[in-house]
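I sat down with this one to get my bearings. My notes follow, in the order I looked things up.

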Amino acid sequence: MHEDQNWREEKNSAYLYGVVAQAEEGTPRAALFRELAQQAEKQAAIWESHGKNAGLTFPARFLPSFRARLVAQLVRWLGPRPLRGVLAAMKVRGMSLYTHASMGHPTPQAAAEQERRHRGIESGGNLRAAVFGVNDGLISNAGLIMGVAGATADNATILLAGAAGLVAGAFSMAAGEYVSVRSQRDMYAYQIGLEREELDHYPDEEAEELALIYQARGLPREEAIRMARALIADPARALQTLAREELGLNPDELGSPWGAAAYSFAAFAAGAAIPLLPFFVFAGGTVSLLAAIMLSAGALFCVGAMLSLFTGLSALASGARMLAIGAAAGAITHLVGRLLGVTLA
């Protein structure tokens with residue numbers, strides 16, 4: 001990037017910091033974002049100085065970009081927490097305050113402790129994604145099959161509809177996951193490029209930003225400064241730390257877009273295949289429909305019980321709740337199918 005582009009990035013960041021500070025008025029975060037705005041202004045002044053030395057000119061009055069003004073309006077309407085990903089992409093630091101430890105809870109001080117925590121999040125996230133993928137496929141395809149079965153008893157038609165629902169849903173989930181992970185990786189690469197350039201030009205200011213975040217999370221001022229400077233002294237470690245603490249990004253959790261797409265495809269397809277299996281095994285009719293209902297009910301209960309690992313509810317209560325939700329969805333779609341079948345006939 002050129003000096004004038006870096007200058008605009010910092011000025012837009014300073015503007016958005018001010019908006020976030022206003023949205024956080026009355027909380028400890030407001031002071032943090034005001035100080036980060038001051039740091040962004042200082043960094044913009046550094047880029048302006050470099051640019052003028054290179055013969056560039058800068059406007060006397062800065063006007064935030066349309067994108068920055070749009071994000072600012074969204075922050076005023078919705079607050080910064082729902083927009084933390086967008087704000088991180090706009091080079092607004094401190095987003096880890098909304099994703100990791102809360103205010104007043106210090107960050108882990110040992111690198112090994114941080115790595116253990118992030119590995120735990122990553123492995124738990126994969127399991128959670130698998131469970132929800134199976135659940136999505138199961139409920140959506142069971143509902144589709146129940147609806148079609150309500151409209152017609154023709155086994156071939158039900159098989160075709162169920163197979164189409166499985167394939168279309170699995171590809172849709174895979175495509176969405178690919179785009180999501182690819183976008184996250186692109187944003188991470190772009191932001192890390194910015195951080196690398198800033199570390200080269202003004203490491204002291206970057207250390208000050210990081211210290212402000214640590215201080216806002218409960219560390220004493222002197223200890224926050226000491227910790228930030230120690231991290232900045234190691235460039236490779238500093239980049240990953242800045243990504244986690246300033247941007248709220250964990251590079252270890254990004255993964256491969258193709259891997260995430262395949263994982264999502266397989267999880268959804270596995271769930272969607274469950275209510276479809278009886279129509280392959282039996283010749284159709286009431287036997288297939290009852291078998292599909294029983295198999296889907298058992299799978300829904302098991303998925304709900306597995307979700308208790310993440311919710312803290314009892315496995316029985318979680319399984320019963322998921323079974324009730326799936327049963328309601330299946331009953332409604334079956335009723336709609338019957339009504340449409342009668343109408344079309």
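**Starting with one glycine**

I began at Gly150, which I found in helix 5, the stretch of residues 111-151. I kept in mind that this is a predicted model.

Is Gly150 buried or exposed? Its relative accessibility is 11%, and buried means under 20%, so Gly150 counts as buried.

Next I looked for what lies around Gly150. Leaving out residues up to four places away in sequence, I got contacts with His334, Gly337 and Arg338. I also checked Thr333: its C-alpha atom is 7.9 Å from that of Gly150, though 183 residues separate the two along the chain.

**Stepping back to the whole chain**

What is the chain built from? I counted 13 helices and zero strands. Reading from the N terminus, I just wrote α over and over: α-α-α-α-α-α-α-α-α-α-α-α-α.

I then looked up burial for the chain, which has 345 residues, and 44% of them count as buried. The accessible surface comes to about 17,000 Å², and carbon and sulfur atoms hold 63% of that.

How much of the contact total comes from residues 24 or more positions apart? I took the contacts with a separation of 6 or more, and such pairs account for 73% of them.

**Asn12 and the helix 1 contact**

My next stop was Asn12, in helix 1 (residues 3-23). Asn12 has a relative accessibility of 11%, so I put it down as buried. Setting aside neighbours within four places in sequence, I listed Phe62, Pro64, Ser65 and Ala68 as its contacts.

Ala68 led me on to helix 3, where it is one of the residues that meet helix 1. I found the axes of helix 1 and helix 3 (residues 66-78) 9 Å apart, at an angle of about 10 degrees. The cut-off for roughly parallel is under 35 degrees, so helix 1 is roughly parallel to helix 3.

Who takes part? From helix 1 I noted Asn12, Tyr15, Leu16, Val19, Val20 and Ala23, and from helix 3 Ala68, Arg69, Val71, Ala72, Val75 and Arg76. Sorted by class, that contact has nine nonpolar residues, one polar and two charged.

**Two contacts of helix 7**

I turned to helix 7 (residues 203-216), starting with its contact with helix 8 (residues 221-232). The two pack at about 135 degrees, with 8 Å between their axes, and are therefore oblique to each other. I noted the crossing as right-handed.

On the helix 7 side I found Pro203, Glu206, Ala207, Glu208, Leu210, Ala211, Leu212, Tyr214 and Gln215; on the helix 8 side, Arg221, Ala224, Ile225, Met227, Ala228, Arg229, Leu231 and Ile232. The split here is twelve nonpolar, one polar and four charged.

Then I tried helix 7 against helix 2 (residues 28-53): their axes come within 10 Å and cross at roughly 175 degrees. That angle makes helix 2 roughly antiparallel to helix 7. Helix 2 brings Leu32, Glu35, Leu36, Gln39, Gln43 and Ile46, while helix 7 brings Glu205, Glu206, Glu208, Glu209, Leu212, Ile213 and Ala216. I tallied six nonpolar, two polar and five charged residues in this contact.

One last note to myself: Glu206, Glu208 and Leu212 of helix 7 are listed in the contact with helix 8 and also in the contact with helix 2.

How values were computed
Residues numbered from 1 in each chain as written. Predicted model: local features only at pLDDT ≥ 70, side-chain atom pairs only at ≥ 80, totals over all residues. Heavy atoms only, no water. Axes fitted to C-alpha atoms, helices over the stretch in contact; angles between N-to-C directions. Helix = DSSP H or I, 4+ residues; strand = E, 2+ residues; numbered from the N terminus. Parallel < 35°, antiparallel > 145°, perpendicular 65-115°, else oblique. Left-handed = near helix turned anticlockwise from the far one by under 90°. Contact = heavy atoms within 4.5 Å. Nonpolar A, V, L, I, M, F, W, Y, C, P; charged D, E, K, R; others polar. Buried < 20%, exposed > 50% of the residue type's maximum accessible area, 1.4 Å probe, protein only. Areas by Shrake-Rupley, 256 points an atom, 1.4 Å probe, with all protein chains shown as cover.
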